[in-house]
Amino acid sequence: MAVLRVLCLHGYRQNERTFRERAGALRKVLRGRAELIGVSAPLLVSDNGPQLQGGESSSQSDDPRGWWFSNPQKETFDALEDSDSCQGLEESLKVITKAFVEQGPFDGILGFSQGAALVAMLCALKQQGDERFQFDFAVLVAGFKSLSTVHQVFYHHPIRVPSLHVFGETDRVIPGEMSQELASQFIDPMILTHKGGHFIPASAPHKKVYLEFLDKFSI
């Protein structure tokens, strides 16, 4: 059975290194089945307060990064903030395009929090025929639909890309109903819920669901 290659997009105020650390347990349970390859977002987040993105701590990373800002004046992001801005999205798409060219091909793409919201947009672009992003499946952990008016174009049509949506019932950063709403944008999504908060679950019961989903794409 071939090992699947999965591109990973970190959450807001993280970077490739800190996400790799946070996803260590997942990396272990997927060993021999999937290789997780990370990339850092292009936007450097300045320290504009201890709590951002609905409560995500600013101390997560000594090189905090973001995929886009909902508040371009303050250069911050909050998943719960209505916005007309998507500052940084095009830069992020260029970074991901470069990753596909230089580090690909990838069988799938995984995102956490803001990264998961971006993964949904990549799925929409793929479905629209964007040849930059070729992958077979998506895993979205603590994902949500962006509240930016500019991003609503990504949600005009149901998304056919096979998807696994993972979220915590006690997540205070991205409430479970926001992740559920994103999942409903996809056709026939697989859903994995857990009792915890804003993290990537990787216990034995969760491992079973991950492998069941990934086995559909292994040769």
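## Exercises: contacts and backbone oddities

Arg20 and Glu16 sit four residues apart in helix α1 (residues 16-22), so about one helical turn separates them. Helices here are DSSP runs of H or I with at least four residues, strands are E runs of at least two, and both are numbered from the N terminus. Before you dig in: residues count from 1 along each chain as its sequence is written, and side-chain values use heavy atoms, with hydrogens and water left out. The model is predicted, so local features need pLDDT of at least 70 and side-chain atom pairs count only at pLDDT 80 or more, while totals for chains, interfaces and linings use all residues.

### Exercise 1: Opposite charges

**Task.** Work out how the side chains of Arg20 and Glu16 meet, and say how exposed Arg20 is.

**Solution.**
- Step 1: check the contact. The two side chains of Arg20 and Glu16 make a salt bridge, with 2.4 Å from N to O. The cut-off is a side-chain nitrogen of Lys or Arg within 4 Å of a carboxyl oxygen of Asp or Glu.
- Step 2: check the surface. Arg20 has 35% relative accessibility, so it counts as partly exposed. Glu16, at 24%, counts as partly exposed too. (Buried is under 20% relative accessible area, exposed is over 50%, and partly exposed is in between, using a 1.4 Å probe and protein chains only.)
- Step 3: zoom out. The structure has seven salt bridges.

**Task.** Find the partner of Asp130 in a salt bridge, then decide whether Asp130 is buried or exposed.

**Solution.**
- Step 1: Arg132 is the partner, and the closest N and O atoms are 2.7 Å apart.
- Step 2: Asp130 has 16% relative accessibility, so put it down as buried. Arg132, with 35%, is partly exposed.

**Task.** Which parts of the chain does the salt bridge between Glu169 and Lys195 link?

**Solution.**
- Step 1: confirm the bridge. Glu169 and Lys195 meet through their side chains at 3.5 Å, N to O.
- Step 2: place the two ends. Glu169 is in the loop between β9 (163-168) and α5 (176-183), and Lys195 is in the loop between β10 (190-194) and α6 (204-214); these are distant parts of the chain, 26 residues apart.
- Step 3: look at the surface. Glu169 is partly exposed at 47%, whereas Lys195 is exposed at 66%.

### Exercise 2: Rings around Phe100

**Task.** Say how many aromatic pairs a search of the whole structure finds, then look at the geometry of Phe100 with Phe133.

**Solution.**
- Step 1: count. The search turns up nine aromatic pairs.
- Step 2: take one of them. Phe100 and Phe133 pair edge-to-face, 5.8 Å centre to centre with 70 degrees between the planes. Rings of Phe, Tyr and Trp (its six-membered ring) pair if their centres lie within 6.5 Å; planes under 30 degrees apart are stacked, over 60 edge-to-face, and the rest tilted.
- Step 3: ask what gets tied together. Phe100 belongs to helix α3 (residues 89-103) and Phe133 to the loop between α4 (114-127) and β8 (137-141), so this pair joins parts 33 residues apart in sequence.
- Step 4: check burial. Phe100 and Phe133 are both buried.

**Task.** Do the same for Phe100 and Phe135.

**Solution.**
- Step 1: the Phe100 and Phe135 rings are tilted, at 6.4 Å centre to centre and 45 degrees between the planes.
- Step 2: Phe135 is in the loop between α4 and β8 while Phe100 is in helix α3, so the pair ties together parts 35 residues apart in sequence.
- Step 3: Phe100 and Phe135 are both buried.
- Step 4: look above the ring. The charged end of Lys126 sits over Phe135, 5.5 Å from the ring centre. (For this, NZ of Lys or CZ of Arg must be within 6 Å of the ring centre and within 35 degrees of the ring normal.)

### Exercise 3: Backbone oddities

**Task.** Which residues does a cis peptide bond join, and what is the phi of Arg13?

**Solution.**
- Step 1: recall the usual case. Most peptide bonds are trans, and most residues other than glycine have a negative phi.
- Step 2: the cis bond joins Gly104 and Pro105, with omega about 5 degrees. Pro105 is in the loop between α3 and β7 (108-112).
- Step 3: Arg13, not a glycine, has a positive phi near 70 degrees. You'll find Arg13 in the loop between β1 (4-9) and α1, buried at 2%.
- Step 4: Asp188 also has a positive phi, about 55 degrees, although it is not a glycine. Asp188 lies in the loop between α5 and β10 and is exposed at 69%.
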